[in-house]
Amino acid sequence: MKGKSKTIGLFIYIFLIFLPIYWMINMSLRTNADILGTLTLYPVDPTFANYIKIFTDSSWYSGYINSMIYVTMNVLISLTVALPAAYAFSRYRFMGDKQVFFWLLTNRMAPGAVFLLPFFQLYSTIGLLDTHIAVALAHCLFNVPLAVWILEGFMSGIPREIDETAFIDGYSLPRFFVTIFIPLIRSGVGVTAFFCFMFSWVELLFARTLTITNAKPIQSVMTRTISATGMDWGLLAAAGVLTIVPGALVIWFVRNHMAKGFALGRV
Amino acid sequence: MDKWENNRAWFLTIPVLVLVAFSAIIPLMTVVNYSVQDIFGPGQSLFVGTEMYTKILRDPRLHDALWRQFLFSGLVLLIEMPLGVLIALAMPKKGWGVSFSLVALALPLLIPWNTIGSIWIIFVRPDIGLLGAFINNVLGIPFDHTRTAGEAWITLMLMEVWHWTSLVALLAYAGLRAIPEVYYQAAKIDGASAWATFRYIQLPKMRGVLTIALLLRFMDSFLIYAEPFVLTGGGPGNATTFLSIYLVKLATGQFDLGTAGAFSLIYFVIVILLCFVFYQVLQGVGKGAKQ
């Protein structure tokens, strides 16, 4: 009996999670006049007009492409620089290691709003404004510390005897790292990539400030649905639904590793 | 087992340090530079020393925003931590239900923050929203999230709980999964009640992950910007103007760079202090778990 009420409670919670998302999907399949006219629980006369508009108008779909580009860049950069650093923090004791680790973490906790204007100035000065790499680098501010933190947790779970044995067998550090160590912590690398993807994909403030037209993310494009004649709710909903799709795909692919990854690592 | 003592390990951290120094130290120095000047326009500024700090520390709107921020983060933790643990306890241990609930719970976490705001506007508006229409027409209570501070806060809290409780639940679930089955068998033999099992086995074993959940939830709720910006725009009045929203208003709306710079540094110091306290707690938990 008790187990049953638990399951029912869980189902109610999951139902409540889906409810607002369902409502947005419902809105995305209707025209604006229809939305403002009557309130119906499901689209009576479903139309894909909103989606067709997004997929045929390059100023709309390029927003998605831009977002995907800088998110991918950010995940690659974060992993590349964080892997060796996490190894250093997990295996060696060196001067100031604890202080540096803490300093890195403070950047994860820095309010984005603080860095907004300086970032704008910095990237205009070096001529990177309105490029994908600018957003990818800006997102490194919070993703690199996070990546180091998570990876360090995973690496510390691997016994050091493995490193020692490999070194005795004549492996050099880089060769050992690439051929033995990274495969050992691949679920950790997966979890780290998942979190970097997540925080870069959902971020708005930097992405909006550092781009003008060429690298404009979908989050900025969405503000165009507000016009002089009022909100275009159907279009906004359709754009919103499409921003959920990449995240949902990522979750689907990592679903089996997620629980295990969470348990092993630190996040 | 002790770590290897080797100062050459510094070389391995160089890429990270260069990258983070580029995106953290240079901008931070720029902020310091702003904060000691009164900037009228491009190329026109006056060195004013600590005047901006005195000005911003006496600003009643900053005090209000700060208390609002603490209240918000406090409420978020009070609601989301217990709820997240409850959900984790209710999740199935095996079968297709595991994947299903994991995917369903993780979904809100992967939605861009401004889309979250848009979803909730569409959901709570009295004219087109399911929840808004339900409260107004079926329950007969007039409800509009743009009208009073109370209504805005209720909507914002609902959104925040909907958005982030999953993170606590996923972490707590991971902590629960890491408990070996023998612990439960031992509890069963001893005839422990469900509460005793929770209190003396599950809760202590979840301490590590729950501390991380607490830390992440505190940080992100303290820095919240996009969701209230989209949903309420900081209003009605200033009722949902949190620190980040106020700061962005100062910096980009009024272009008051000197004040915004001083504000930024004070904000950052508050976060670092809190972060240091949490970090010490985290380290303590790490040691406790190893013993």
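This is a short talk on a predicted model of two protein chains, A and B.

Let me start with chain A. Its 267 residues include 55% that count as buried. The secondary structure comes to 13 helices and three strands. If you lay the C-alpha trace of chain A along its principal axes, the spans are about 75 × 65 × 30 Å.

How much of the surface of chain A is supplied by carbon and sulfur atoms? The figure is 70%, out of about 11,100 Å² that chain A exposes.

On charge, chain A carries 18 positive side chains and 12 negative ones. The centre of the positive set and the centre of the negative set are 7 Å apart.

One more item for chain A, on contacts. Take the pairs whose residues are at least 6 apart in sequence; 76% of those contacts join residues at least 24 apart.

Now chain B. There are 291 residues here, and 54% of them count as buried. Chain B has 13 helices and three strands. Its C-alpha trace spans about 75 × 70 × 30 Å along the principal axes.

The accessible surface of chain B is about 13,200 Å², and carbon and sulfur atoms hold 67% of it. For charged side chains, the count in chain B is 19 positive and 16 negative, with 10 Å between the centres of the two sets. As for contacts in chain B with a separation of 6 or more, 68% are between residues 24 or more positions apart.

That leaves the place where the chains meet. Some background: the size of an interface is often given as the accessible area lost when the parts come together. For chain B and chain A, about 8,900 Å² is buried between them. Carbon and sulfur atoms account for 80% of that buried area.

Which three residues of chain B supply more of the area it buries against chain A than any other three? They are Lys3(B), Trp4(B) and Leu110(B), and together they supply 10% of what chain B buries there. When you look at the structure, those are residues you can find for yourself.

How many residues does each chain bring to the contact? Chain A brings 99 residues, and chain B brings 97.

And how many salt bridges are there between chain B and chain A? The count is zero. Both chains do have charged side chains, as I said: 18 positive and 12 negative in chain A, 19 positive and 16 negative in chain B.

That is the end of my part.

Terms used: Residues numbered from 1 in each chain as written. Chains lettered and ligands numbered in written order. Heavy atoms only, no water. Helix = DSSP H or I, 4+ residues; strand = E, 2+ residues; numbered from the N terminus. Buried < 20%, exposed > 50% of the residue type's maximum accessible area, 1.4 Å probe, protein only. Contact = heavy atoms within 4.5 Å. Areas by Shrake-Rupley, 256 points an atom, 1.4 Å probe, with all protein chains shown as cover. Lys, Arg positive; Asp, Glu negative; His and termini not counted. Charge placed at Lys NZ, Arg CZ, Asp CG, Glu CD. Buried area = accessible area lost by both parts, 1.4 Å probe. Salt bridge = Lys/Arg side-chain N within 4 Å of Asp/Glu carboxyl O.
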